[in-house]
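Thanks for sending this one over. Here are my notes, set out point by point so that you can follow along in the viewer.

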Amino acid sequence: MIAVRFFSRFLSILFHPLFLVSYLLLSLLLVNPYLFGVNDWQGQNKFLLLVFISTAFLPAVSILIMKGLGLIRSIQMESAKDRIGPYIATAIFYTWLFRNLLDNPEIPKVFISCVLGATLALFMDFVINNFSKISAHATGMGGFVSLAIILENSYNPGSFFIKTSMFGHLQISMLLFLIGMILIAGAVCTARLFLRAHTFDQVAGGFLVGFCAQVIAYLIIV
């Protein structure tokens with residue numbers, strides 16, 4: 001039981017909602033790096049860092065400041081009230097990033113739609129949070145699965161390659177990628193239930209919000 005609890009907490013940290021956009025970008029870079037004009041990992045690092053700072057680091061700093069000022073009781077944000085300020089601060093950074101990417105012709109539309117989807121999901125969670133403590137982790141996982149399905153159907157290369165030092169180039173099918181995303185999403189959502197951080201309805205609702213937000217954003221942008 002202790003091991004399961006530890007693993008559940010590990011998954012909750014590894015797939016924290018603030019990491020969502022960075023993970024979406026990493027997924028795109030793995031599946032089709034040429035969407036960004038060049039298959040050069042070093043050349044993409046700066047952009048990945050920018051996205052991480054805008055969607056993870058700065059929101060995290062804002063949350064820590066709120067905790068230091070006593071505006072929230074815990075950085076775990078266990079109550080719906082504690083989530084109001086962090087939601088607002090994070091939404092500002094997400095909206096700023098989306099607005100800057102929107103007019104940049106070098107950024108593929110599929111990633112712009114990912115950022116818009118994450119922003120829409122954030123606002124939807126903010127509204128729902130006034131009535132129920134919806135699971136932001138599940139929202140992120142819904143966005144993950146939605147992106148995998150979008151890539152499977154609209155940017156389907158059949159498979160992609162991952163370069164490893166031990167096994168060389170590994171060929172991964174898009175179907176396997178989709179199955180992997182579903183399994184990860186299931187594990188994270190189960191972890192939130194095991195930790196009793198949310199009820200089943202809150203987890204299911206969060207997943208639905210994240211999934212639908214990415215689909216809506218894709219239809220708007222692409």
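The points below go from the core outwards to the surface, the aromatic rings and one loop residue.

1. A word on the source before anything else: this is a predicted model. Please keep that in mind for each point below.

2. Let's start inside. The largest nonpolar core has 52 residues, and the members that touch the most others are Leu25, Leu28, Phe47, Leu101, Phe111 and Phe144. Two or more residues each come from α2 (20-31), α3, α4, α5 (109-128), α6 (136-154), α7 (174-194) and α8 (200-221). Which of these gives the largest share? That is α5, with 9 residues. As background, nonpolar side chains in soluble globular proteins tend to be buried together.

3. Leucine 28 is a good residue to click on in this core. Setting aside neighbours within four places in sequence, leucine 28 contacts Pro33, Leu35, Phe36, Val110, Phe111, Cys114, Leu147 and Leu151. Another core, of 7 residues, lies apart from the one described above; Ile63, Met66, Ile72 and Met77 are among its members.

4. Is serine 113 buried or exposed? Its relative accessible area is 2%, and buried means under 20%, so serine 113 counts as buried. This serine belongs to helix α5. Beyond residues up to four places away in sequence, serine 113 touches Gln214, Ala217, Tyr218, Ile221 and Val222.

5. Leucine 102 sits in helix α4, which covers residues 84-102. With a relative accessible area of 36%, leucine 102 is partly exposed. Not counting residues up to four places away in sequence, leucine 102 touches Ile112 and Ile221; Ile221 is also among the contacts of serine 113. If you want a distance to check, leucine 102 and phenylalanine 10 are 34 Å apart, C-alpha to C-alpha, with their positions 92 residues apart in sequence.

6. On the surface, have a look at Leu49, Phe52, Ile53, Phe57 and Leu58, which make a nonpolar patch of about 420 Å². Leucine 58 is found in helix α3 (residues 41-68). Why can leucine 58 be called partly exposed? Its relative accessible area is 31%, and partly exposed covers values between 20% and 50%.

7. Now for the rings. How many aromatic pairs does a search of the whole structure find? There are 8. Phenylalanine 7 and phenylalanine 10 form a stacked pair, 6.5 Å centre to centre with 25° between the planes. Both lie in helix α1 (residues 2-14), 3 residues apart, which is about one turn of the helix. Both are partly exposed: phenylalanine 7 has 47% relative accessibility, and phenylalanine 10 has 42%.

8. Phenylalanine 19 and tyrosine 23 also pair, this time edge-to-face, at 6.1 Å centre to centre and 65° between the planes. Phenylalanine 19 is partly exposed, with a relative accessible area of 24%. Ring pairs also join Phe15, Phe19, Tyr23, Phe52 and Phe144 into a cluster. Two of these names appear above: Phe52 in the surface patch, and Phe144 in the largest core.

9. Finally, a backbone point. Arginine 196 has a phi near 60°, a positive value in a residue other than glycine. This arginine is in the loop between α7 and α8. Arginine 196 is exposed, at 75% relative accessible area.

Definitions and conventions. Residues numbered from 1 in each chain as written. Predicted model: local features only at pLDDT ≥ 70, side-chain atom pairs only at ≥ 80, totals over all residues. Heavy atoms only, no water. Helix = DSSP H or I, 4+ residues; strand = E, 2+ residues; numbered from the N terminus. Buried < 20%, exposed > 50% of the residue type's maximum accessible area, 1.4 Å probe, protein only. Contact = heavy atoms within 4.5 Å. Patch = residues over 30% accessible without salt bridge, like charges linked within 9 Å, V, L, I, M, F, W, Y side chains within 5 Å. Areas by Shrake-Rupley, 256 points an atom, 1.4 Å probe, with all protein chains shown as cover. Salt bridge = Lys/Arg side-chain N within 4 Å of Asp/Glu carboxyl O. Core = buried A, V, L, I, M, F, W, Y, C linked by side-chain atoms within 4.5 Å. Phe/Tyr/Trp six-rings, centres within 6.5 Å; stacked < 30°, edge-to-face > 60°.
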